[in-house]
Amino acid sequence: MSTLSAVHPVEASDALVLPVPTTTIYPGDTIKEAWIIEREFAANSTYARGNVLTERAALVGKAARRTLLPGVPIPINALSEPKAVLNGAKVRIVFMESGLTITAFGSALQSGSVGDNVSVRNLDSGLTVSGIVQADGSIRVSGS
């Protein structure tokens, strides 16, 4: 048996198709559809062991947590939800209870995605409060 007979090209059934970036994506960038293509990898490659995203839909709209290189599969832990509030940004603080709504403006003391608990300094009083980041970028605080 010659050594050449042991080496064969990758068959279509042996291929693993994974989404990869077409360009360098930097931390904090929100991934766009146009930045992703699909590329074939050998089924016995290191990427076949898992720990990389296999669905294009799971990438679009997510934020990169680290630099993603063109043509390289994306690790599962390299993405996060995009930040709705950035550290230092002016945000609207909303308190709602029993039909009463009070709004104020504050400065975010940390970045956060929708649903995250963040601290905010009230610009009028100087007090620091914490609340939940809402989809519109406001911070909802509660009385308790």
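User: Hi! Is Arg92 buried or exposed?
Analyst: Arg92 is partly exposed, at 34% relative accessibility; with a 1.4 Å probe and protein chains only, buried means under 20% relative accessible area, exposed over 50%, and partly exposed in between. This is a predicted model, where local features need pLDDT of at least 70, side-chain atom pairs count only at pLDDT 80 or more, and totals for chains, interfaces and linings use all residues. Residues are numbered from 1 along each chain as its sequence is written, and side-chain values use heavy atoms, leaving out hydrogens and water.

User: Which side chain does Arg92 meet in a salt bridge?
Analyst: That would be Asp136, at 3.1 Å from N to O. A salt bridge here is a side-chain nitrogen of Lys or Arg within 4 Å of a carboxyl oxygen of Asp or Glu.

User: And how exposed is Asp136?
Analyst: Asp136 counts as exposed, with a relative accessible area of 55%.

User: How many salt bridges does the count come to?
Analyst: Three. Among them, Glu33 and Arg56 meet at 2.6 Å, N to O. Another joins Lys62 to Glu81, with the closest N and O atoms 2.4 Å apart.

User: What about the accessibility of Lys62 and Glu81?
Analyst: Lys62 is partly exposed at 24%, and Glu81 is partly exposed too, at 43%.

User: Switching topic: what lies over the face of Phe105?
Analyst: Lys90 does, at 4.9 Å from the ring centre. For a charge to sit over a ring, NZ of Lys or CZ of Arg must be within 6 Å of the ring centre and within 35 degrees of the ring normal.
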